[in-house]
2 protein chains.
Amino acid sequence: MILSASPMETGTTDHATEADEVRLNVLDTLVGYHLRRTSSLFAADFAEALGDLGIRQVLFGILSTIRDNPGINQGAAGKVLGIQRPNMVSLVNDLVDRGLIERRVARDDRRAFELQLTPAGAVQIETALERIREHEDLLLRDLTADERQMLIALLTRIERTRD
Amino acid sequence: MILSASPMETGTTDHATEADEVRLNVLDTLVGYHLRRTSSLFAADFAEALGDLGIRQVLFGILSTIRDNPGINQGAAGKVLGIQRPNMVSLVNDLVDRGLIERRVARDDRRAFELQLTPAGAVQIETALERIREHEDLLLRDLTADERQMLIALLTRIERTRD
DNA sequence: TATTGTTATACTCTATAACTATA
DNA sequence: TATAGTTATAGAGTATAACAATA
């Protein structure tokens, strides 16, 4: 039994009690819904693939931002990653406590911290990156390389759309 | 100042202290990162656009699933939406308490609840849908209709990729 | 005055284990 | 035994207000 797609027929007494029969008519037309589902799919698989390293998505974002921008301030790193300053504190503490990054008072501004990868952090990020490549290759195996690039390009344009 | 993209040059003493200068070299190549950013962008704007209605993304998902599948069980609705059963309870309670849905014991299985929209819920979902269309049109205004459809198609294929 | 980092706090989302009532 | 819904709980993620030190 496939249920009607039309809201005009909601007076029916049909029931949808099995997942196979269920339609998601409206939701399927919404980009936001699909972003929600796919991003949570990626988050769950990321956690499974890298959980033993203790590297969560947020933490990898911070690590790789520091790697690509050595000496970056805590606040600046948070800003590009969309992490608010109060929430950066415990995340950076976590990475420092685990010996993956170093936090030094900036010479030119003694309020600020300059963040650097430690050698251990540099190793850790490489290990993580290998795992992440595998995890993305697995989840995206039904897309061609072109489609994958297209997807990144579309998402990037959405991110860059500014008020 | 634009920082080097090469990890081989991380020995530099350059600092990236302003957001404009910061590169996200590795992250920008990861689909998971872009999904994370765009989905959180959509979630934040959704909350702003529909906050006064008290309709959050999850709640809209439940409401529209009930609308498109009247009489669906609580568990079945959660299953298609990726919401675990324990977490459905308070969400459904919320919608019942606000008079947007009705919960009736199923005739054929007295453990189960059949969920139905109330007339107020049917009105509410229409209002919400108008707002959501506007909100999506705004966030996706830099994409053509074809690109939007392409994006939904790509995301849907990722969702349907099964182990 | 403004900014960097901090603390405290709260709310949502998600996940697991254990219970009850029905099947 | 298995399933539908429930309760309790805990861990992330995210948001705001208020503070100290420094600019």
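For sorting residues here, Ala, Val, Leu, Ile, Met, Phe, Trp, Tyr, Cys and Pro count as nonpolar, Asp, Glu, Lys and Arg as charged, and the others, Gly among them, as polar. With that in hand, the surface near DNA strand C splits into six nonpolar, four polar and eight charged residues. Keep in mind that this is a predicted model.

## Around DNA strand C

Let's stay with strand C for a moment. There are 18 residues around this strand, and the ones that come nearest are A:Gln74, A:Gly75, A:Arg85, A:Arg111 and B:Arg56. So which part of the DNA faces the protein here, sugar and phosphate or bases? Of the strand C atoms within 4 Å of the protein, 57% belong to sugar or phosphate, and the rest are base atoms.

A few individual contacts fill in the picture. A:Gly75 uses a polar backbone atom, 2.7 Å from a phosphate oxygen of strand C. A:Phe113 does likewise with a polar backbone atom of its own, at 3.0 Å from a phosphate oxygen. A:Arg111 goes for a base: an N or O atom of its side chain sits 2.5 Å from a base oxygen of strand C. As for secondary structure, two or more residues of this surface come from each of α3 and α4 (85-97) of chain A, and from α4 (85-97) of chain B. The largest share, three residues, is supplied by α4(A).

## Around DNA strand D

Now for the other strand. DNA strand D also has 18 residues around it, with A:Arg56, A:Asn87, B:Gln74, B:Gly75 and B:Arg111 coming nearest. Of the strand D atoms that come within 4 Å of the protein, sugar and phosphate make up 58%.

Chain A reaches a phosphate oxygen of strand D through the side chain of A:Arg56, where an N or O atom is 2.3 Å away. A:Arg110 does so through its backbone, with an N or O atom 2.9 Å from a phosphate oxygen. From chain B, a polar backbone atom of B:Gly75 lies 2.6 Å from a phosphate oxygen of strand D. The elements giving two or more residues to this surface are α4 of chain A plus α3 (74-81) and α4 of chain B. Which element gives the largest share of the surface near DNA strand D? That would be α4(B), with three residues. By residue class, the surface near strand D has six nonpolar, four polar and eight charged members.

Here are the DNA contacts side by side:

| Residue | Protein atom | DNA atom | Distance |
|---|---|---|---|
| A:Gly75 | polar backbone atom | phosphate oxygen, strand C | 2.7 Å |
| A:Arg111 | side-chain N or O | base oxygen, strand C | 2.5 Å |
| A:Phe113 | polar backbone atom | phosphate oxygen, strand C | 3.0 Å |
| A:Arg56 | side-chain N or O | phosphate oxygen, strand D | 2.3 Å |
| A:Arg110 | backbone N or O | phosphate oxygen, strand D | 2.9 Å |
| B:Gly75 | polar backbone atom | phosphate oxygen, strand D | 2.6 Å |

## The sheets

Chain A has an open sheet of three strands, ordered β1-β3-β2 with antiparallel pairing. β1 and β2 of chain A are the edge strands with a single partner each, so each has one side with no neighbour in the sheet. Two antiparallel bridges link β1(A) to β3(A), residues 113-117. In that pairing, A:Ile72 is opposite A:Leu115, and A:Asn73 is opposite A:Glu114. β2(A), residues 101-105, is joined to β3(A) by five bridges, again antiparallel. Here A:Arg103 is the residue opposite A:Leu115.

Chain B also has an open three-stranded antiparallel sheet, in the order β1-β3-β2. Its edges are β1 (72-73) and β2 (101-105), and since each has a single partner strand, one side of each is left without a neighbour. β1(B) pairs with β3(B), residues 113-117, over two antiparallel bridges, and B:Ile72 stands opposite B:Leu115.

## Where the two chains meet

Lastly, the protein-protein interface. Contact involves 73 residues of chain A and 74 of chain B, and about 6,900 Å² is buried between them, 62% of it from carbon and sulfur atoms. There are 25 residue pairs in polar contact across the two chains, counting pairs with both residues at pLDDT 80 or more. How many salt bridges cross the interface of chain A and chain B? The rule finds two, and in one salt bridge B:Glu147 meets A:Arg157 at 2.9 Å, N to O.

On the chain A side, α1 (31-50), α2 (57-68), β1 (72-73), α3 (74-81), α5 (119-139) and α6 (145-160) each supply at least two of the residues that touch chain B. That side of chain A is made up of 32 nonpolar, 20 polar and 21 charged residues.

How values were computed:
Residues are numbered from 1 along each chain as its sequence is written. Chains are lettered from A and ligands numbered from 1 in the order in which they are written. This is a predicted model: local features need pLDDT of at least 70, side-chain atom pairs count only at pLDDT 80 or more; totals for chains, interfaces and linings use all residues. Side-chain values use heavy atoms; hydrogens and water are left out. Contact means heavy atoms within 4.5 Å. Buried area is the accessible area (1.4 Å probe) that two parts lose on being put together, summed over both. A salt bridge is a side-chain nitrogen of Lys or Arg within 4 Å of a carboxyl oxygen of Asp or Glu. A polar contact is a pair of N or O atoms within 3.5 Å; within protein, one must be able to donate a hydrogen and the other to accept it, and residues adjacent in sequence count only if both atoms are side-chain atoms. Helices (H or I, at least four residues) and strands (E, at least two) are DSSP runs, numbered from the N terminus. A residue is near a molecule or strand if one of its heavy atoms lies within 4 Å of it. Two strands pair if DSSP finds at least two bridges between them.
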